[in-house]
Amino acid sequence: MKKVSLILSFFMILVACKKEEAKLTYDLKVIKTENLALCDTGLCPDISIDRVTMGGGAFADTINKAVDQHLVDLLIMDPDEAKKSHTLDEALENFVQNYRVYRNDFPDAIPEYEVNSTCSIGFDNGKILCLTFDDYTYYGGAHGYGSTHFLNFDKDLQQVLSPEMLFQDLEGFKRLAEKRFRSQYQLQPEEDLSETGYFFAEDTFTLPQNIGFKNEQLILLYNPYEIASYADGQLILKFDLAEVKDFLKPNL
């Protein structure tokens, strides 16, 4: 009996330790031009990045890796240069070097290059964690580009969720979303989308690249140029979670 009690106690300790390790901690690191060592030796663009850093084991590492990849993608000006930037530090260095080449070629150019990114926890219901990134970049040209991006994580499976992984009835939700889109932007059910100024391939409604959660709502967010002109800005559809629960995966 004593042996069984000892085994049971040991098992309970292991479970407690596992739960302790799974607890996430949250920190924010601010990366600015003035605190980058590589900017001590020459000209630098305007950089302001609020980088979320999680602690708490393997799941925290998964989140941090996804966050860094988003920031790396944000700093890459040319897709052909992606192979030069495997880490955030490499991406920052490459971005600064590109800026210095630009200023050497165009010393009187105004305005400066700029990267600005702020990250916040938009939603956390104990099952789903959604990080929201509000980004702005300017790499020369007529204007900069502002965008919003979501990263969703399943806290039970401890993995990144693609938009498609959120749904158990994806096609059913698409039909609901298209109905809401047409209603919100005053399009008739029979109108061809391609004739209304929106850029849907083959005149077929598609969900946005960014789907996230905030304030007990599911957010569909089309960034500028995704399905409309830059002047149209972001196009956003919002659904109360109670309204779409039958379309979402049961564990969400």
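This report describes the fold, the nonpolar cores, the domain contact and selected residues of a predicted model.

**Overall architecture**

The protein comprises 252 residues, of which 38% count as buried. Along the principal axes, its C-alpha trace extends over about 85 × 60 × 30 Å. There are 5 helices and 9 strands, and from the N terminus on they follow the order α-β-β-α-α-β-β-β-β-α-β-β-β-α. Among contacts with a separation of 6 or more, 54% are made by residues 24 or more positions apart. The domain assignment divides the protein into domain 1, residues 25-161, and domain 2, residues 164-247.

**The six-stranded sheet**

An open sheet is built from 6 strands in the order β1-β2-β3-β4-β5-β6, and the pairing is mixed. The edge positions are taken by β1 (25-32) and β6 (159-161); each has a single partner strand, so one side of each lacks a neighbour in the sheet. On average, and with direction ignored, neighbouring strands are turned by 25 degrees against each other. At the β6 edge, β5 and β6 run antiparallel and are joined by 3 bridges. Within β6, Gln159 is the bridge partner of Asp154.

Two helices are described here in relation to this sheet. Helix α2 packs on the sheet and touches β2, β3, β4, β5 and β6, with its direction at about 165 degrees to that of β2. Helix α3 lies across β1, β2 and β3 and runs at about 175 degrees to β2. The table sets out the two arrangements.

| Helix | Strands involved | Angle to β2 |
|---|---|---|
| α2 | β2, β3, β4, β5 and β6 | about 165 degrees |
| α3 | β1, β2 and β3 | about 175 degrees |

**Nonpolar cores**

In soluble globular proteins, nonpolar side chains tend to be buried together. The largest nonpolar core of this model holds 34 residues, and the members that touch the most others are Ile63, Leu92, Leu131 and Phe153. Two or more residues come from each of β2 (46-55), α2 (58-75), α3 (88-105), β3 (114-124), β4 (128-138) and β5 (145-154). Helix α2 gives the most, with 9 residues. Once residues up to four places away in sequence are set aside, Ile63 touches Leu24, Met54, Leu129, Leu131 and Phe153. Another core, of 32 residues, lies apart from this one and includes Phe167, Phe181, Ile227 and Ala228.

**Leu71 and Ser85**

Leu71 is located in helix α2. Its relative accessible area is 0%, and Leu71 is therefore buried. With neighbours within four places in sequence left aside, the residues in contact with Leu71 are Ile49, Arg51, Leu88 and Ser117. Although Leu71 and Leu92 stand 21 residues apart along the chain, their C-alpha atoms are separated by 9.3 Å.

Ser85 belongs to the loop between α2 and α3. This serine has a relative accessibility of 6% and so counts as buried, the cut-off being under 20% relative accessible area. Beyond its neighbours within four places in sequence, Ser85 contacts Val72, Glu90, Ala91 and Asn94.

**Contact between the domains**

The centres of domain 1 and domain 2, taken over C-alpha atoms, are 26 Å apart. Contact between them involves 16 residues of domain 1 and 17 residues of domain 2. The size of an interface is often given as the accessible area lost when the parts come together. Here the area buried between domain 1 and domain 2 is about 1300 Å², and carbon and sulfur atoms give 62% of that area. On the side of domain 1, Phe123, Tyr145 and Phe150 supply 40% of the area buried against domain 2, more than any other three residues.

**Strands β8 and β9**

Strand β8, residues 217-222, pairs with β9 in the antiparallel sense over 6 bridges. In this pairing Leu221 stands opposite Ile236 of β9. The side chains of β9, residues 235-240, alternate between two faces. Leu235, Leu237 and Phe239 point to one face and are buried, whereas Ile236, Lys238 and Asp240 point to the other face and are not buried. Leu221 is thus placed opposite a residue of β9 that belongs to the face that is not buried.

Note on methods: Residues numbered from 1 in each chain as written. Predicted model: local features only at pLDDT ≥ 70, side-chain atom pairs only at ≥ 80, totals over all residues. Heavy atoms only, no water. Core = buried A, V, L, I, M, F, W, Y, C linked by side-chain atoms within 4.5 Å. Buried < 20%, exposed > 50% of the residue type's maximum accessible area, 1.4 Å probe, protein only. Helix = DSSP H or I, 4+ residues; strand = E, 2+ residues; numbered from the N terminus. Contact = heavy atoms within 4.5 Å. Pairing = 2+ DSSP bridges. Axes fitted to C-alpha atoms, helices over the stretch in contact; angles between N-to-C directions. Domains from an automatic or database assignment. Buried area = accessible area lost by both parts, 1.4 Å probe.
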